[in-house]
Amino acid sequence: MQTVEFKLKQASAILGVSQKDLQNLIQLKVIRPARRDHLYWFNNRLLLEAKVAFHLKESLGSSSELISVFTQMLSKSIGEGDPRKRRSVSLRSRPALGTQSIEIKIPIGSLARELEAQFPRAAMSPDLARGRRRAGWRAEMSRAFEDAARQMGNVSMDQVNEAIRQHRGLRKALPEVTIVDDPARKTA
């Protein structure tokens, strides 16, 4: 697996999340990217850790402290090998007072391959110097607004508000939880 490094803006484009969400993971010490010249640098392994952290946060709604512990254990589990060749990693969590543990199975191999397929997105998010805009951005923005206006046609404000309400409702929806029987346990 080739090691490639990306800046924060490019990493957020690859992960498909906002830059602020990725910065929050760094500030809460869930992931710890290298810092050079006042910039954060992400390699393949850190991108994979961030992807798993976002999946855990989205599906479990866990606190950042717990996600940080899971991410650190995941990083130790992956080791130095190629994560694409691993099938999955299981994390087991036991409450301080309880005796039963909860196990989370993470498909590391497929997540690593999925991330690598998103690497071309980094080229679409060039990291320009602060305060600098690329040439022709005004015309590009005007064309995008004109295209959006043409596509909307005769849409009322009520319809726009309803679409926004539906989108926000989907974002707040609870994750799907399923039960998987233990194949090792058999009954007579």
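1. I begin with Asp 21, whose place is in helix H2, in what is a predicted model. Asp 21 is partly exposed, with a relative accessible area of 34%, and its C-alpha atom is separated by 9.1 Å from that of Phe 54, although the two residues are 33 apart along the chain. The helix that holds Asp 21, H2, is also where confidence in the protein is highest, at a mean pLDDT of 89.

2. On confidence in general, the protein averages a pLDDT of 78, and 81% of the residues score at least 70. The lowest mean among the elements belongs to E4, at 73, and statements about strand E4 should be read with that value in mind.

3. As for the overall layout, the protein has 8 helices and 5 strands, and from the N terminus on these elements run β-α-α-β-β-α-α-β-β-α-α-α-α. Of the 188 residues, 26% count as buried. Among contacts between residues at least 6 apart in sequence, 56% join residues that are at least 24 apart.

4. The largest nonpolar core has 33 residues, of which Leu 22, Leu 25, Ile 31, Phe 42, Leu 47 and Ile 108 touch the most other members. At least two residues of this core come from each of helix H1 (8-15), helix H2 (19-27), helix H3 (44-60), helix H4 (64-78), strand E4 (89-93), strand E5 (102-106) and helix H5 (108-117). The element that gives the most is H3, with 8 residues. As general background, nonpolar side chains in soluble globular proteins tend to be buried together.

5. Which residues does Ile 108 contact, leaving aside its neighbours within four places in sequence? They are Leu 48, Val 52, Leu 74, Ile 78, Pro 83, Arg 86, Arg 87, Ser 88 and Val 89. Ile 108 is also one of the core residues that touch the most other members, and its list of contacts includes arginine and serine residues alongside nonpolar ones such as Leu 48 and Val 52.

6. A search of the whole structure finds 1 aromatic pair. The rings of Phe 6 and Phe 119 have their centres 5.1 Å apart, and their planes meet at 55°, so the pair is classed as tilted. The pair links distant parts of the chain, with Phe 6 in strand E1 (residues 6-7) and Phe 119 in the loop between H5 and helix H6 (121-124), 113 residues apart. Phe 6 is buried, with a relative accessible area of 7%, and Phe 119 also counts as buried, at 13% relative accessibility.

7. A charged residue also lies against an aromatic ring in this model: Arg 35 lies over the face of Tyr 40, at 4.9 Å from the ring centre.

8. Helix H1 holds two polar residues that merit a comment, Gln 10 and Ser 12. Ser 12 is buried, with a relative accessible area of 5%, and its side chain reaches the backbone oxygen of Lys 9 at 2.8 Å. Leaving aside neighbours within four places in sequence, Ser 12 is in contact with Val 17, Ser 18, Gln 19 and Leu 22, and Leu 22 is among the core residues that touch the most other members. Gln 10 counts as buried too, at 17% relative accessibility, and the side chain of Gln 10 reaches the backbone nitrogen of Lys 7 at 3.0 Å.

9. Where in the chain are the residues Lys 29 and His 38, which deserve a look at their backbone? Lys 29 is found in the loop between H2 and strand E2 (34-36), and its phi is near 60°, a positive value in a residue other than glycine. His 38 lies in the loop between E2 and strand E3 (39-42) and has a positive phi of about 65°, although it is not a glycine. For context, most residues other than glycine have a negative phi. Lys 29 is partly exposed, with a relative accessible area of 48%, whereas His 38 is exposed, at 71%.

Methods:
Residues numbered from 1 in each chain as written. Predicted model: local features only at pLDDT ≥ 70, side-chain atom pairs only at ≥ 80, totals over all residues. Heavy atoms only, no water. Core = buried A, V, L, I, M, F, W, Y, C linked by side-chain atoms within 4.5 Å. Buried < 20%, exposed > 50% of the residue type's maximum accessible area, 1.4 Å probe, protein only. Helix = DSSP H or I, 4+ residues; strand = E, 2+ residues; numbered from the N terminus. Contact = heavy atoms within 4.5 Å. Phe/Tyr/Trp six-rings, centres within 6.5 Å; stacked < 30°, edge-to-face > 60°. Lys NZ or Arg CZ within 6 Å of the ring centre and 35° of its normal. pLDDT = per-residue confidence, 0-100. Polar contact = N/O pair within 3.5 Å; in protein donor to acceptor, adjacent residues only side chain to side chain.
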